[in-house]
Structures are given as C-alpha cells and as structure tokens.
Amino acid sequence: MIKNDLFLRALKGETVDRPPVWMMRQAGRYLPEFMALREKYDFFTRCQTPELASEITVQPIRRYGMDAAILFSDILVIPQAMDIEVQMKPNFGPYLPNPIRSAKDLESVVVPDIQESLGYVMDAITQTKEKLEDEIPLIGFAGSPWTILCYCVEGQGSKSFDKARGFCFTQPEAAHQLLQKITDTTIAYLKAKVKAGVNAVQVFDSWGGMLSPTDYQEFSWKYIQQIVDALKEEAPVIVFGKGCWFALREMAQSGASAVGVDWTCSAQNARYLTGGNITLQGNFDPARLLSPPSEIKKMVTQMIREFGKDKYVVNLGHGILPHIPLENAKAFIDAVKEYSE
C-alpha cells in the first residue's frame, strides 16, 4: 500500500539500505509556510480545522521529503475532550484556568465519546491521507497520561511541575483516578486514529524525567504500558520518554515496536539498556541543528554508524526548535537519505 514503507520496515526490525528519517515537531514553527498560517489562525483553530491540520502536516514533506509524516495536533486536545478547559496563550503557552487540585475537581472530568469530542482529528487524518496519496506512512500521537496530568494539575507549563508531583504524593488516590481517566481516553483516541488511517502511533512522555525511577513506575509507566497493551496488535507503537533513560529496559520489554531516545543517552548505552533487539529512534540534539550544515551532515552520519542502520529511525532527541535555519533542517534529512555503508 505505502510506496515508501522504509519507516514501517524499520519498526518491524527488517534489514534496510538506510534508516528512515523524520523529525519530532517537523510540522511547525521553523517553517515559513507554517508561520504564514499562524498569522491568520489561532492555535486551536489550526488543530480543530481538518483542512488546516492536514495542510500543516504535509508542509515539511513537500519541502524535505521525510520518510514519515506526523499529524499536526496537540497533546492537550485530550484534556479539552475531557471537559478540562485549555487555552493557548501567545508568548506564554498552554493555560488551564481551572486546574485539578483535589478529588472534588475530578468529578467534572469525563471520559468522552471520542468521535463526538475529537472527530475533527479523524477528519484531519482522512484529509492528510488523501494529500499523502500513500507515498509515506502517517503517524498519530498522544501525550502520556503523566505528561497530561502535569498540565491538568499545574495549570500551565513548568520547569519542575512541583504542583503536579505534590498532587501525586499527597493525594495518590485522586492522582491515580485522574491518570486512569486520561489513559482510558487516550486508548480510545489512539484506537480511533488507527481506524481513521494512521500507520503507527507515538506516545510522548515529555515530563517523565521529572520523576524518580520508583515514582516513574507508579505514576507514569504503568499507564503507558496499558496504552501499549491496548494498541500493539492494531498498529506499531513508539514510546518516547524525555529524560527517561532509567526506564529504557521496561520500554524495550513492553511490546512497543520502537523506543525513542533523547540526546543525553549515547547510542551505545541505549542499545545496552534496551537489550539490543528493539528498534530505537533518536537522538540528535535539536540545538545541534544550529551547527553549520556540513557539520550536521558529519554528525548525522556518525550517529547512524553508532546506532547501526537497522532497527533504527533517525530523529531528533526532542522537537525541532523554532529558530532552526531551513538549510540546516535540510542537511539533517539529506544526510540520512545520502547515507550508505
């Protein structure tokens, strides 16, 4: 079906001539064509309008020809669907005016009907698939339940999410209730995405590294494991936890098809910690895309040699930064496409 299925073959662990490449947040604010749409439409209008979301998804593909597209959306559409108000404030980021701080606050939080509350995402998938014409696979994603809880409790972004962690440690019962509601919603959401046509899904645990290894098992990993268990028979699942090197072994044994690695973990350590048999994805430092293009190409080639070309998806160690020069992003993608042993 898919003409360039390199990404899907890498997720299966098949032998390939070169690894596939895509970039987290590739459909975003480093692109002038994205900025032009941002001038006209606010953030959630872009997420909730299928024509816009699908257009933004394919913009980087037209420009650079990555091996996979990732649907333009946001992890915070989940709390929105659960009747938790989320605003996106310019020059501030996400803002939740009524954060969850007690068991009582949880009473108004629902596990929604996905088609009713998030049907616009499924429409965006349909329109994106039409635009992609089966050239490359499409990835759907969600935030991990813990990462979503961080925003729901904190009420905004944070460097340490102290309120979120404090909520878990002082009111563990309420925290687990909220985490389970988020998990149930996320499973239904990702299953609907697969049904609508995405070829793989990724779970982003952006704030997993805020927790100690013990607390990570209790408040994050066991909920991600539920998601992997529910989805793995329906589509390949990639698990990515930023700052979560300590959980790489569990991730590798979870039934996920691939594990994402950030730039603080070397290829050698990532292969060792995951047992050497699972596909890894990563892990170029996004800030390194500020290096000269010639240097980027050398570093990418070196990175592929260290990970090995098989069971590997080239990516950044987190999302691309807004001020990356276009030719530098191109150098990153081209280096992978030109790779040969």
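Helices here are DSSP runs of H or I with at least four residues, and strands are runs of E with at least two, both numbered from the N terminus. I apply this naming throughout the entries below, and I keep in mind that the model is a predicted one.

**Entry 1: the second largest pocket**

I started with the second largest pocket, for which I noted a volume of about 190 Å³. Its lining is made up of 13 residues, and those nearest the centre are Trp263, Asn283, Phe284, Met303 and Glu306. When I looked up which elements give two or more residues to this lining, I found strand S8 (279-284) and helix H13 (293-307). Helix H13 has the largest share, with five residues. By class, I recorded seven nonpolar, three polar and three charged residues around the second largest pocket.

**Entry 2: Phe307 in H13**

I stayed with helix H13 and looked up Phe307, which lies in it. Is Phe307 buried or exposed? Its relative accessible area is 5%, and since buried means under 20%, I list Phe307 as buried. Setting aside neighbours within four places in sequence, I found Phe307 in contact with Ala267, Ala270, Arg271, Leu280, Asn283 and Tyr312. I also looked up the pair Phe307 and Thr279, which stand 28 residues apart in sequence, while their C-alpha atoms are 9.8 Å apart in space.

**Entry 3: the largest pocket**

Next I turned to the largest pocket, whose volume I noted as about 1,300 Å³. It is lined by 42 residues, of which Arg25, Arg29, Phe43, Asp74 and Met88 are the closest to its centre. Which elements each supply at least two residues of this lining? I found two helices, H2 (32-40) and H3 (43-48), and two strands, S2 (87-89) and S3 (93-95). The class count for the largest pocket came out as 24 nonpolar, ten polar and eight charged residues.

**Entry 4: the cavity**

I then asked how many cavities of 30 Å³ or more there are, and the count is one. The volume of the largest cavity is about 50 Å³. I wrote down its lining in full as Gly241, Gly243, Cys244, Trp245, Leu248, Gly260, Val261, Asp262, Thr264 and Cys265. Divided by class, the lining of the largest cavity holds five nonpolar residues, four polar ones and one charged one.

**Entry 5: H8 against H9**

For the packing of helices, I looked up H8 (residues 162-170) and H9 (residues 172-196), whose axes are 5 Å apart and meet at an angle of about 115°. Because angles from 65 to 115 degrees count as roughly perpendicular, I describe H8 and H9 as roughly perpendicular to each other. On the H8 side the contact involves Phe167, Cys168, Phe169 and Thr170, and on the H9 side Pro172, Ala174, Ala175 and Leu178. I sorted the residues of this contact by class and obtained seven nonpolar, one polar and no charged.

**Entry 6: Thr185 in H9**

Last, I followed helix H9 along to Thr185, which is found in it. Its relative accessibility is 1%, so I enter Thr185 as buried. What does Thr185 touch once its neighbours within four places in sequence are left aside? My list of its contacts reads Ile78, Met82, Val110, Val111, Pro112 and Ile114.

Technical notes: Residues are numbered from 1 along each chain as its sequence is written. This is a predicted model: local features need pLDDT of at least 70, side-chain atom pairs count only at pLDDT 80 or more; totals for chains, interfaces and linings use all residues. Side-chain values use heavy atoms; hydrogens and water are left out. On a 1 Å grid over the protein atoms alone, a cavity is a set of points where a 1.4 Å probe fits but cannot get out, and a pocket is an open set with protein on both sides within 12 Å along at least five of seven lines; lining residues have an atom within 4 Å of a point. Grid points are joined across faces, edges and corners, and a volume is the space filled by probe spheres set on the points. Ala, Val, Leu, Ile, Met, Phe, Trp, Tyr, Cys and Pro count as nonpolar, Asp, Glu, Lys and Arg as charged, and the others, Gly among them, as polar. Axes are lines fitted to C-alpha atoms, for helices over the stretch in contact, and angles run from 0 to 180 degrees between N-to-C directions. Angles under 35 degrees count as roughly parallel, over 145 as roughly antiparallel, 65 to 115 as roughly perpendicular and the rest as oblique. Contact means heavy atoms within 4.5 Å. Buried means under 20% relative accessible area, exposed over 50%, partly exposed in between (1.4 Å probe, protein chains only).
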